Amino acid sequence: MAMENQEIAALFAEMADYHELQGDNPFRVRAYRNAARLIEDMPEPLREGVTRQDDLTELPGIGKELAEKIVEIVQTGKLQALERLRSSLPSCVPDLLALQGLGPRKVKALLDHLQITRLEDLEQAARNGKVRELPGFGAKTEASLLAAIQRRLSTPTRFLRSRVAPLANELMEALKKTGHVQQITVAGSFRRGRDTVGDLDLLAVSDHPSAVMQALVDRSEVAQVLLRGETKTSVRLTMGLQVDLRLVPPESFGAALQYFTGSQAHNIATRRRAQLAGLKQNEYGIFRAEEQIAGATEEEVYQALQLPWIPPELREDRGELALAEQGRLPNLIGPADIRGDLHNHSTWSDGAATLCEMACAARKRGWEYLAITDHSKRLTVANGLDEHRLRLQLEQMEEVRAELEGFSLLSGSEVDILEDGSLDLPDSILRELDVVILSVHSKFNLSREKQTTRILRALDNPYITFLAHPTGRLLLTRDPYEVDMERVLEGIRARGCFVECNLNPHRLDLDDRYLARAKALGVPVVLNCDGHSVTDFQHHDDGIMQARRAGLEAGDVVNTATITELRNRLRATKR
Ligand code: DGT
Ligand code: CA
Ligand code: CA
Ligand code: ZN
């Protein structure tokens, strides 16, 4: 399978961790770590450059050694040096590194001083109070480590939806190529648009089941066949993801799709409804006595329950059945409702595209407007702008605007909050911008009370437009910081500002539950891709499912407005 930039970056990040763990040259550690970050943000797939035999050392941060390793990864799918490092360390090291609060240095201390071959060994050591005695650890670290281990041991591995999406498409295409697939679709949490999925559920109708099952088993990305049958086959891929493929008769396709889309809680609710009407519901259909009265399509299934079809994103048993019954299901927002994006970066800070490239690509996408909101000066790793450079950027924007008829390029800044809640740029420049974004990029570990007052204080600035990625979570890698989101949302409403749902697939922040809360409180939401390249605009296509899961409609979202309406709304946020 083709190596994506994200996977190459992950291998380099792992190299950095192992080198650091072994106490190797810090420059080498930093080179790998920087390369990982750069590669992850590269808009173009590196494998294409490798195929064209480009000189990869021309890329920023890539020297000769790294270039050779990229070629090796793309061509072989592996990295020998990494395999050697892996086998020289206990097999639990990746698990240890993945624990929140444990970096390579701490892992090294643990391995040096304690007998650890499995995660459970560390759990035992922490329970026995052995960890707190080590240099660099204390009773508090020990307790949070123990909590992290227990969380890890009790939650099964999940995968980013965005990582699974291209795979799902490739697999379905391959199965269709057998010529024996009449219908095929994804079900499960993937179809419901959850940000992470536990496994991938595929559902198909076939006139030659064994041929289709064989086609799945034969795929090169399959590492293990868990179950092989005519109606269900389960495999585990090399990346660790389990795929369940189920074949059903055409007259049951809708019923099976409804059943395997779930959620389980939603299914239990629909089955109860069927029972109350004297019907029986299962994955084969809806039955009155022995007679099947629905099953071929989902519409038919819901109709038999006296309900309109319910969009999969809403099927979480959070009140959707009652809304459906009352004919009050929301008219969910879709990518076509979006008229522009208010959070983007350019080459002025850490983006990969120029102002002009960003604006043209946005116009080509059919948008009416785009705000460029580069980082502020405190974020030196991202080449953040001070007031002087921001003024120069505003001048360049004027020039770009002259070339862009019928499109509005808006000015802006993503301003860092300092620890005390003051801002990284003075009002003298903020007041001149169309969009001022407030972002927490540091001090994630403040107490709940301090973090909340810090954010609310920053929101007191009269020029703030919205709060970006409000909980700071990174899916599967960083928990949200402690904050009283209810108070923050109320603060945003009181000040007439907006709240962001950041559509980067690693963030999806706010999540569906908080978005639903924002809607209930009447806080306007803005859906942004946080674009660092023109390909990032695509985050809107899948990311919007998070907003749909919250029941958001076009009217709840600021950037569905026309440019004229938008300008009015932006002006109204300034006090
Ligand atoms: P995941 O894979 O953890 O991200 O979440 P799902 O929702 O995809 O769960 P999965 O793959 O275990 O099962 C797919 C769907 O099949 C699930 O959403 C509902 C249905 N399902 C599975 N097991 C049961 C069950 O025991 N009872 C009911 N009512 N439905 C079930
Ligand atoms: Ca699943
Ligand atoms: Ca499954
Ligand atoms: Zn940003």
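**A network of salt bridges links R192, E316, R318, D512 and R549.** This close-up of the predicted model shows five residues, R192, E316, R318, D512 and R549, joined through salt bridges (a side-chain nitrogen of Lys or Arg within 4 Å of a carboxyl oxygen of Asp or Glu). The structure as a whole holds 44 salt bridges. Residues are numbered from 1 along each chain as its sequence is written, with chains lettered from A and ligands numbered from 1 in the order of writing. In this predicted model, local features need pLDDT of at least 70 and side-chain atom pairs pLDDT 80 or more, while totals for chains, interfaces and linings use all residues; side-chain values use heavy atoms, with hydrogens and water left out.

**R219 and E170 form a salt bridge between distant parts of the chain.** The closest N and O atoms of R219 and E170 are 3.9 Å apart. R219 belongs to the loop between α12 (209-217) and β5 (222-228), whereas E170 sits in helix α10 (residues 161-176), so that 49 residues separate the two along the chain. Helices (H or I, at least four residues) and strands (E, at least two) are DSSP runs, numbered from the N terminus. R219 is partly exposed, with a relative accessible area of 25%, and E170 is also partly exposed, at 33%. Buried means under 20% relative accessible area, exposed over 50%, and partly exposed in between (1.4 Å probe, protein chains only).

**E298 and R315 form a salt bridge in which both residues are buried.** Here the closest N and O atoms are 2.9 Å apart. E298 is in helix α15 (residues 298-304), and R315 is in the loop between α15 and α16 (320-325). The pair links distant parts of the chain, the two residues being 17 residues apart.

**E398 and R401 form a salt bridge within helix α18.** Their side chains meet at an N to O distance of 2.8 Å. The two residues are separated by about one helical turn because they are three residues apart in helix α18 (residues 387-402). R401 is partly exposed, with a relative accessible area of 25%.

**The zinc ion (ligand 4) has H343, H345, E414 and D530 as its protein donors.** The donor atoms are NE2 of H343, NE2 of H345, an OE atom of E414 and an OD atom of D530, lying 2.1 to 2.4 Å from the zinc ion. Donors are N, O and S atoms within 2.8 Å of the metal (3.2 Å for Na, K and Ca); water is not among the atoms, so sites may look incomplete. Along the chain, the zinc donors follow the spacing H-x1-H-x68-E-x115-D. E414 lies in strand β15 (residues 412-416) and D530 in the loop between β19 (525-528) and α23 (539-549), so the pair ties together parts that are 116 residues apart in sequence. Both E414 and D530 are buried. The arrangement is irregular because the four donor atoms subtend angles of 80 to 166 degrees. Four donors are tetrahedral if all angles lie between 85 and 135 degrees; four are square planar and six octahedral if opposite donors are over 155 degrees apart and all others between 65 and 115; anything else is irregular.

**D199 bridges two calcium ions, ligand 2 and ligand 3, that lie 3.8 Å apart.** For the calcium ion (ligand 2), the protein donors are O and OD atoms of D199 and an OD atom of D201, at 2.2 to 2.8 Å. The six donor atoms around this calcium ion (ligand 2) subtend angles of 67 to 163 degrees, which makes the arrangement irregular. D201 is buried, with a relative accessible area of 11%.

**The calcium ion (ligand 3) has D199, D201 and D244 as its protein donors.** D199 is listed with OD twice, and D201 and D244 each with OD, all lying 2.2 to 2.8 Å from the calcium ion (ligand 3). The donors follow the spacing D-x1-D-x42-D. D199, in the loop between β3 (196-197) and β4 (200-206), and D244, in strand β7 (residues 242-247), are 45 residues apart and link distant parts of the chain. D244 counts as buried, at 4% relative accessibility.

**The largest cavity has a volume of about 50 Å³.** A search of the whole structure finds one cavity of 30 Å³ or more. A cavity is a set of points, on a 1 Å grid over the protein atoms alone, where a 1.4 Å probe fits but cannot get out; lining residues have an atom within 4 Å of a point. Points are joined across faces, edges and corners, and the volume is the space filled by probe spheres set on them. The lining consists of Q258, Y259, N267, T270, R271, Q281, N282 and E283. Two or more lining residues come from each of α13 (253-261), α14 (264-276) and β8 (280-282), and α14 gives the most, with three. By class, the lining has one nonpolar, five polar and two charged residues (nonpolar: Ala, Val, Leu, Ile, Met, Phe, Trp, Tyr, Cys and Pro; charged: Asp, Glu, Lys and Arg; polar: the others, Gly among them).

How values were computed
On a 1 Å grid over the protein atoms alone, a cavity is a set of points where a 1.4 Å probe fits but cannot get out, and a pocket is an open set with protein on both sides within 12 Å along at least five of seven lines; lining residues have an atom within 4 Å of a point.
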